[in-house]
Amino acid sequence: MNDCLFCKIVSGKIPSYKIYEDENFLAFLDINPVNQGHTLVIPKKHSKNILEIDEETLKNLVIIVKELSIKIKTILKADGINIMINNELDAGQIIFHTHIHIIPRFANDNLKHWSGKKYKDNEAENIVEKIIEF
Ligand code: ZN
């Protein structure tokens, strides 16, 4: 993946503010943070996103996300943490190398949650049925 930004960060061709690194994973600050301390955690092995990553790598990735989330929340005295994964372009994925966002949240950070919608007649039942039958 020659033109993958995160592979270039892994190889050191592009610098980053690393906060964690081991043999298989890397965590670094997002350069356009939602809040200070906004971190990206990635596997060093390239995969496009969570829909394609191998399960063993995903399990270990999530454990590191948990550990770093506790650390970041404690050190920054955050009131909460959002953990986000954007998969595919229309879901907001910009870099097509699997990454998990850790976003520290503060009581007065003025970020808004997504607004919810309502199901119309039988929509919920239809979706449940399709998913279960797949
Ligand atoms: Zn990559």
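1. In this predicted model, the residues that donate to the zinc ion are spaced along the chain as C-x2-C-x38-H-x50-H. The two histidines of that pattern sit in separate loops, His46 between β3 (39–43) and α2 (55–75), and His97 between β4 (80–84) and β5 (100–105), so that together they tie parts of the chain lying 51 residues apart in sequence.

2. As for the coordination itself, the sulfur atoms SG of Cys4 and Cys7 and the nitrogen atoms ND1 of His46 and His97 coordinate the zinc ion, at 2.0 to 2.3 Å. The arrangement is classed as tetrahedral because the angles subtended by the four donor atoms run from 102 to 116°, and the criterion asks that all angles lie between 85 and 135 degrees.

3. The two histidine ligands deserve separate entries for accessibility. His97, with a relative accessibility of 0%, counts as buried, whereas His46, with 26%, counts as partly exposed, since the buried class ends at 20%.

4. Turning to the nonpolar side chains, the largest nonpolar core holds eleven residues, including Phe25, Val41, Leu61, Ile64 and Ile102. Two or more residues of this core come from each of β2 (25–29), α2 and β5, and α2 gives the most, with five residues.

5. Within that core, Ile64 can be followed individually: when residues up to four places away in sequence are left aside, Ile64 touches Tyr20, Asp22, Phe25 and Val41. Apart from this core lies another, of nine residues, among them Leu26, Leu40, Ile95 and Cys4; Cys4 is also one of the residues coordinating the zinc ion, through SG.

Conventions
Residues are numbered from 1 along each chain as its sequence is written. This is a predicted model: local features need pLDDT of at least 70, side-chain atom pairs count only at pLDDT 80 or more; totals for chains, interfaces and linings use all residues. Side-chain values use heavy atoms; hydrogens and water are left out. Donors are N, O and S atoms within 2.8 Å of the metal (3.2 Å for Na, K and Ca); water is not among the atoms, so sites may look incomplete. Four donors count as tetrahedral if all angles lie between 85 and 135 degrees; four count as square planar and six as octahedral if opposite donors are over 155 degrees apart and all others between 65 and 115; anything else is irregular. Helices (H or I, at least four residues) and strands (E, at least two) are DSSP runs, numbered from the N terminus. Buried means under 20% relative accessible area, exposed over 50%, partly exposed in between (1.4 Å probe, protein chains only). A nonpolar core is a set of buried Ala, Val, Leu, Ile, Met, Phe, Trp, Tyr and Cys residues joined through side-chain atoms within 4.5 Å. Contact means heavy atoms within 4.5 Å.
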